[in-house]
Amino acid sequence: MVGIGLPELLVMCFVLVVTLIIPIWTANVAKGKGRNWVVWFVLGFLLNIVGLIIAYVLPVQAGGDYMKCSQCAEPVRREAKVCKHCGADLLKRA
Ligand SMILES: [Zn+2]
């Protein structure tokens, strides 16, 4: 009988994961580090697993969920009350 067998189904699932889930994963990792989601979705699509690895090793950038600490200039989460790098009180900011 001709049709979609288990091997073909597994290959289709693998292709779906590689072409869709990895770019979305890459974009979400990069966005959490203050990067542009759309740019990193495209990079994740083009570079795939390599793009995902780059997104993981990428340093955090001020912007998005992050802002620069006024005392030490390191990126810290916008919701943070105290800088995790230097311990500065971030609630005193203007
Ligand atoms: Zn700081």
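Okay, let's start with how this protein is divided: the domain assignment gives domain 1, residues 1-59, and domain 2, residues 61-94. Before I go on, keep in mind that what you see above is a predicted model. The centres of the two domains, taken over C-alpha atoms, are 31 Å apart. They do meet, though: six residues of domain 1 are in contact with seven residues of domain 2. And what sort of residues are on the domain 1 side of that meeting point? One nonpolar, two polar and three charged.

Now the overall layout. You'll find three helices and two strands in the protein, and if you read along the sequence, the pattern goes α-α-α-β-β. The radius of gyration is 19 Å, and the globule rule would give 12 Å for 94 residues, so the protein is more spread out than a compact globule. You can see that in the C-alpha trace too, which spans about 70 × 20 × 20 Å along its principal axes. As for burial, 16% of the 94 residues count as buried. One more number on the whole chain: take the contacts with a separation of 6 or more, and 31% of them are between residues 24 or more positions apart.

So where do the buried nonpolar residues gather? The largest nonpolar core has seven residues: Ala27, Ala30, Trp40, Phe41, Leu43, Leu52 and Ala55. Each of the three helices, α1 (6-32), α2 (37-47) and α3 (49-57), supplies at least two of them. The largest share is from α2, with three residues. As general background, nonpolar side chains in soluble globular proteins tend to be buried together. If you want one residue to click on, try Ala55. Leaving out anything up to four places away in sequence, Ala55 touches Thr26, Val29, Ala30 and Trp40.

Let's go helix by helix, beginning with α2. Its buried residues are Trp40, Phe41, Leu43 and Gly44. Look down the axis of α2 and those buried residues fall within an arc of 165°, so they line one face of the helix. What's on the face turned away from that buried side? There you get Val38, Val39 and Leu46, which are exposed. And the cover over the buried residues of α2 includes α1 and α3.

On to α3, where Gly51, Leu52 and Ala55 are buried. Around the axis they cover an arc of only 100°, which puts them on the same side of α3. A quick reminder that helps here: an α-helix has 3.6 residues a turn, so residues three or four places apart point the same way. Over on the other side of α3, Ile49, Tyr56 and Val57 are exposed. The cover for the buried residues of α3 includes α1 and α2.

Between these two helices there's a residue to pause on. Asn48 is in the loop between α2 and α3, and it has a positive phi of about 55° although it is not a glycine. For context, most residues other than glycine have a negative phi. Is Asn48 buried, exposed or partly exposed? Asn48 has 15 C-beta neighbours inside 10 Å, so it counts as partly exposed.

There's another one like that further along. Ala73, in the loop between β1 (66-68) and β2, has a positive phi of about 65°, and again it is not a glycine. Ala73 has 10 C-beta neighbours inside 10 Å, so this one counts as exposed.

Last stop, Cys86. You'll find Cys86 in the segment after β2 (75-77). With 13 other C-beta atoms within 10 Å, Cys86 is partly exposed. Which residues does Cys86 contact, once we leave aside its neighbours within four places in sequence? Those are Cys69, Gln71 and Cys72. Taking Cys69 in particular, Cys86 and Cys69 are 17 residues apart in sequence, and 8.8 Å apart in space, C-alpha to C-alpha.

To wrap up, here's what to look for when you rotate the model: domain 1 and domain 2 with their centres 31 Å apart, the seven-residue nonpolar core that α1, α2 and α3 each help to supply, and Cys86 in contact with Cys69, Gln71 and Cys72.

Definitions and conventions:
Residues numbered from 1 in each chain as written. Predicted model: local features only at pLDDT ≥ 70, side-chain atom pairs only at ≥ 80, totals over all residues. Core = buried A, V, L, I, M, F, W, Y, C linked by C-beta atoms within 7 Å. Buried ≥ 20, exposed ≤ 12 C-beta atoms within 10 Å, placed from the backbone. Helix = DSSP H or I, 4+ residues; strand = E, 2+ residues; numbered from the N terminus. Contact = placed C-beta atoms within 7 Å. Arc of directions from axis to C-beta. Rg over C-alpha atoms; globule rule 2.2 N^0.38 Å. Domains from an automatic or database assignment. Nonpolar A, V, L, I, M, F, W, Y, C, P; charged D, E, K, R; others polar.
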